[in-house]
Amino acid sequence: MHLPLIVLIVNIVLASAQSALQNLKNDVKAGRVPMRGVNLGGWLVAEYWMTSASPAWNGVPTNLANEGEYQTMKHLGHAKGDAQFKAHRDTYITEQDFREIAAAKMNTVRIPVGYWITGFDNQPGGDPEGWKVYAPGGINYLDRAIREWAPKYNLLVLISLHAAKGSQNGNDHSSPADPGNSHWSHYPENVRNTLDAVEWLARRYNNDPAFLGIGLLNEPTRTTNEGVLKQYYYDAYGRIRQFSDCLLTVAPLLYQQGPYDSDWAKFMPPPQFHGIRHEWHRYQIWGYEGWNKDQLINYAENNLKNDMKNWKGNWLFIGEWSIASSASFNDDDLRRYARAQIAAFAESPGGWTYWTWKFYNDDGSKNGWSMRAMLNRGLIQL
């Protein structure tokens, strides 16, 4: 076969793949196809509880590791930490994971990132040098995910701004400089930095076929000022809509996960605002301690489903959920529990992404947090 003909065939195949991915993206944004996907948790915002076997934590006391990347890198310094986090990013999530996710008939991956991934902080005040504490180079992995692996396997990527400057929840997954405390909404420079970050990410990936959109802020807690949070969403929308129609998700305060909480059902309504999903994280874990399997299944089949039906705002997107539980389940009941949650989420065109894809080195595990393990055991069936 002549070389020009080979090149032509390759170009036709690539164009066809790009067209299929663009069609999928259009369908998801229009609500014709829901997101069906999984989080790549613990990769670009490392979480010790799910990656304790990773080289990222070598030589780090457990109490510091449990406080997130900032405290870990402060302890390690760049001389050790940069290499350890590079090894973590190289080995935890690879192309093989994208291949398996696509083979499981999912269409979306949600990727948590921190504000430091941009490599800048142009907002004086607070700690404008804080981003320099982190191991550099995270953006290279996000580039690879969006520009190589996702399009190769016909997957869309939703970026989640998981860790904002000042921390929006004080938890390890927001990598707080002041563990246990949230300062994000208390200082305007923090909010401005977050606006800069989401705009920068949207501009960087706006023309990439696999880029679906951005979750504008992950799990702000009740210490976050609700008025500041809502104004941030308005401002982020205004900035990004100047050049992009990418999907944007807005999350209420973490305790506001029901259809009647505050006035979120009237927030940013269409047609004045478009391309918005309202993001809930519906875990039946915290606050459900002591519940048995029958109670949890009944809740998913009834209360959860009714909450989804009763929501009247922008299309719901369940950004995180899990079948992990402290209750005792046999395999048949766990399958039923998974089916009940998935059936409830089917009430919204927004779809869902499971938390999480896997733990570090969890091959063969029975860990309910690991979707990969649950799929391999046939306990989640798509």
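This report walks through an annotated domain, one buried asparagine and a few salt bridges in a predicted model.

## The annotated domain

Let's start with the record. UniProt, in an unreviewed entry, puts the feature "domain: Glycoside hydrolase family" at residues 91-359. In the model, the C-alpha atoms at the two ends of that span sit 12 Å apart. As for its make-up, residues 91-359 are 34% helix and 14% strand.

## Asn190 in helix H7

Asn190 belongs to helix H7, which runs over residues 188-205. Is Asn190 buried or exposed? Its relative accessibility is 4%, so Asn190 counts as buried, the cut-off for that label being under 20%.

What does the side chain of Asn190 reach? It gets to the backbone oxygen of His183, at 3.0 Å. His183 also turns up among the residues that Asn190 touches, along with Lys165, Gly166 and Trp184; that list leaves out residues up to four places away in sequence.

## Salt bridges within a helix

The count of salt bridges comes to 27. One of them is back in helix H7, where the side chains of Arg203 and Glu199 meet at 3.1 Å, N to O. These two are 4 residues apart in the helix, so about one helical turn separates them. Their surroundings don't match: Arg203 is partly exposed at 47% relative accessibility, whereas Glu199 is buried, with a relative accessible area of 17%.

Helix H10 (residues 331-345) has a pair of this kind too, with Asp332 and Arg335 lying 3 residues apart, about one turn of the helix. The closest N and O atoms of Asp332 and Arg335 are 2.9 Å apart in their salt bridge. Asp332 has 56% relative accessibility, so it counts as exposed, given that the exposed label needs over 50%.

Elsewhere, Glu100, Asp362, Asp363 and Arg372 are joined into one network by salt bridges that share partners.

## A long-range link

Now for a pair that spans the chain. Lys29 and Asp245 form a salt bridge, with their closest N and O atoms 3.0 Å apart. This pair ties together distant parts of the chain, 216 residues apart. Lys29 is in helix H1 (residues 3-30), while Asp245 is in the loop between helix H8 (226-240) and strand E5 (247-250).

How exposed is Asp245? Its relative accessible area is 45%, which means that Asp245 is partly exposed.

How values were computed: Residues numbered from 1 in each chain as written. Predicted model: local features only at pLDDT ≥ 70, side-chain atom pairs only at ≥ 80, totals over all residues. Heavy atoms only, no water. UniProt positions renumbered as here; feature names shortened; annotations may be inferred. Buried < 20%, exposed > 50% of the residue type's maximum accessible area, 1.4 Å probe, protein only. Polar contact = N/O pair within 3.5 Å; in protein donor to acceptor, adjacent residues only side chain to side chain. Contact = heavy atoms within 4.5 Å. Salt bridge = Lys/Arg side-chain N within 4 Å of Asp/Glu carboxyl O.
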